[in-house]
Amino acid sequence: MSIKSVSFNRKTLNGSISVPGDKSISHRAVMFGSLAKGKTTITNFLAGEDCLSTIAAFEAMGVKITRNNQTVVVESAGASELSEPLEPINLGNSGTTARLLMGILSALPYHFTLYGDASLTKRPMDRITNPLREMGAKIDGRENGRFLPIAIRGGKLNPVHYHTPMKSAQVKSGVLLAGLLTDGKTVVEEDTKTRDHTENMLKAFGADLSVEGNSVTVNGNQPLTACDIEVPGDISSAAFFLVAAAITPNSEVKIENVGLNQTRTGIIDVLKLMGVDITVEEKRTIGGEPIGDIIVKSSKPAAATISGDIIPRIIDEIPVIALLATQAEGTTIIKDAEELKFKETDRIESVVNTLQALGAEIEATNDGMIIQGNAKLKGAETNSYGDHRIGMMIAIASLLTEETIELHDDKCIAVSYPNFFEDLDELLQ
Ligand SMILES: O=C(O)C1=C[C@@H](OP(=O)(O)O)[C@@H](O)[C@H](O)C1
Ligand SMILES: C=C(OP(=O)(O)O)C(=O)O
């Protein structure tokens, strides 16, 4: 396992960069391009390990996919022409690939075996096997299909009206994709709106899909038509630099062409709520997704209580928001975020343990954390535990410490941000 010593003499960030393409949108573009008939060209694709796992899965089913850096071309004869993979499919570290793919595979007339890395093997899959079984899917796996490896005997399903108990876009999307390949109308209702890239992009591919409030209806077995997708910059990746600029003196950064979909912009609302100097310039809409530039200047943040409907809109940004809170005036409380326990690590535990090791006063609660501000962070030996977002949080924390931070397992950052350290270096002055 690789160890990186993170220590920067330069501790001010200045300038503008574009972050890599959005991970959620990149996954979906490959999946829907593979289900559609024709040629889909994806530009600004995120060539992170998670999205490469999605490409490999569809290649194993006979789809022709070529990649030249950030441009991916998917050529498919449509969902009915996919073939049975001869080998088990490796999902790597990617929860999104696992949950969405399970929806698709359950409705195809083949046998599939799915497995993942050590982290994914511990993450719950019953949240998606349960609704798929309600549709008639034949799924088995460890602990009755709760964990990978999982085997699916795909086939004809029945449509479902599913009220999801989870605040999870992956569950919503997995059920909708099974419904897309099933005769009749499938409806998914959620109490709190989660990211809606599946809905937006399926419409762009010509699916018969409608959204009313928090309820999505897909009319199944209508063919998709290939369409080109330009992927916006990933706001979840931008978040690390937005916080870095806010907490380091004399900084000003501009992150260009970031996706500003309402279901993802909770980080902007949190930064505003905490008094950070932030400006958003919306520019245009690509494939139904607004994009724009975000500018953040050094600030003195104030503590906040963060809970309720905003949580799914910041779910992947909570590690770096917790770091921000260590520098705020007052006590920050994050609540209603039990979903953090089911990520690449239990992110309540990994965030709290890591920030404590770095000298912060922070405690875990059942559904979040309580963070004292004005912390003087110090160097320490840390571990990402294979979680890319914990690795990047630690790297940004090192801008606040005089001493070096040893980061064990920095390589996992490539899951969502292969050039993270190069981009950070470009902004550092
Ligand atoms: O649908 C997606 O692309 C994602 C949904 C979220 O997961 P959950 O659906 O488990 O909340 C998020 O954490 C993940 O990074 C990507
Ligand atoms: C939770 C994440 O991804 P996934 O669920 O796709 O592994 C993430 O990127 O923070």
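Colleague: Which residue stands opposite Val218 in E13?

Modeller: Thr186 stands opposite Val218 in E13, and one should keep in mind while reading such pairs that this is a predicted model. The pair belongs to strand E11 (residues 185-190), which runs antiparallel to E13 and is joined to it by 5 bridges.

Colleague: What is the bridge partner of Leu209 in E13?

Modeller: For Leu209 the partner in E13 is Val218, and the strands concerned, E12 (residues 209-212) and E13, pair in the antiparallel sense over 4 bridges. E12 and E13 form a hairpin with 2 residues between them, and Gly213 in the turn has a positive phi of about 60 degrees.

Colleague: Which side chains of strand E13 are buried, and which are not?

Modeller: Along E13 (residues 215-219) the side chains alternate, with Val216 and Val218 pointing to one face and being buried, whereas Ser215, Thr217 and Asn219 point to the other face and are not buried.

Colleague: In what order do the strands of the open sheet with E4 and E14 run, and why is one side of each of these two strands left without a neighbour?

Modeller: The open sheet has 4 strands in the order E4-E5-E3-E14, with mixed pairing. Strands E4 (64-68) and E14 (229-230) stand at the edges with a single partner strand each, so one side of each has no neighbour in the sheet. E4 pairs with strand E5 (residues 71-77) in the antiparallel sense over 5 bridges, and within that pairing Ile65 has Val74 of E5 as its bridge partner. Helix H1 (residues 23-35) packs on the sheet, where it touches strand E3 (37-43), E4, E5 and E14, and its direction makes about 25 degrees with that of E5.

Colleague: How should I describe two packed helices, and at what angle do the axes of H3 and H7 cross?

Modeller: Two packed helices are described by the angle between their axes and by the distance between the axes. Here the axes of helix H3 (residues 95-106) and H7 come within 7 Å and cross at roughly 20 degrees; since angles under 35 degrees count as roughly parallel, H3 and H7 are therefore roughly parallel to each other. H3 passes H7 in a right-handed crossing, and the contact includes Gly95, Thr96, Arg99 and Leu100 of H3 together with Gln170, Val171 and Ser173, among others, of H7.

Colleague: Which residues does UniProt list for "binding site"?

Modeller: The unreviewed UniProt entry lists Lys23, Gly95, Arg123, Gln170, Arg347 and Arg389 under that heading. Gln170 is found in helix H7 (residues 169-180), and it counts as buried because it has 24 C-beta neighbours inside 10 Å. Leaving aside its neighbours within four places in sequence, Gln170 is in contact with Gly95, Thr96, Arg99 and Leu100.

Colleague: Is Arg347 buried or exposed?

Modeller: Arg347 counts as buried, with 26 C-beta neighbours inside 10 Å, and it is found in helix H13 (residues 347-357). Apart from neighbours within four places in sequence, Arg347 is in contact with Ile318, Pro319 and Leu340.

Colleague: Which residue does the UniProt annotation "active site" cover, and where does it lie?

Modeller: In the unreviewed UniProt entry that annotation covers Asp316, which lies in the loop between helix H11 (311-314) and helix H12 (318-326). Asp316 is buried, because 25 other C-beta atoms lie within 10 Å and 20 or more suffice for that class. Not counting residues up to four places away in sequence, Asp316 touches Ser236 and Arg389, and Arg389 is also one of the residues that UniProt lists for "binding site".

Methods. Residues are numbered from 1 along each chain as its sequence is written. Chains are lettered from A and ligands numbered from 1 in the order in which they are written. This is a predicted model: local features need pLDDT of at least 70, side-chain atom pairs count only at pLDDT 80 or more; totals for chains, interfaces and linings use all residues. UniProt positions are given in the numbering used here, feature names are shortened, and annotations may be inferred rather than shown by experiment. A residue is buried if 20 or more other C-beta atoms lie within 10 Å of its own, exposed if 12 or fewer, and partly exposed in between; C-beta atoms are placed from the backbone. Two residues are in contact if their C-beta atoms, placed from the backbone, lie within 7 Å. Two strands pair if DSSP finds at least two bridges between them. Axes are lines fitted to C-alpha atoms, for helices over the stretch in contact, and angles run from 0 to 180 degrees between N-to-C directions. Angles under 35 degrees count as roughly parallel, over 145 as roughly antiparallel, 65 to 115 as roughly perpendicular and the rest as oblique. A crossing is left-handed if the near helix is turned anticlockwise from the far one by less than a right angle, and right-handed if clockwise.
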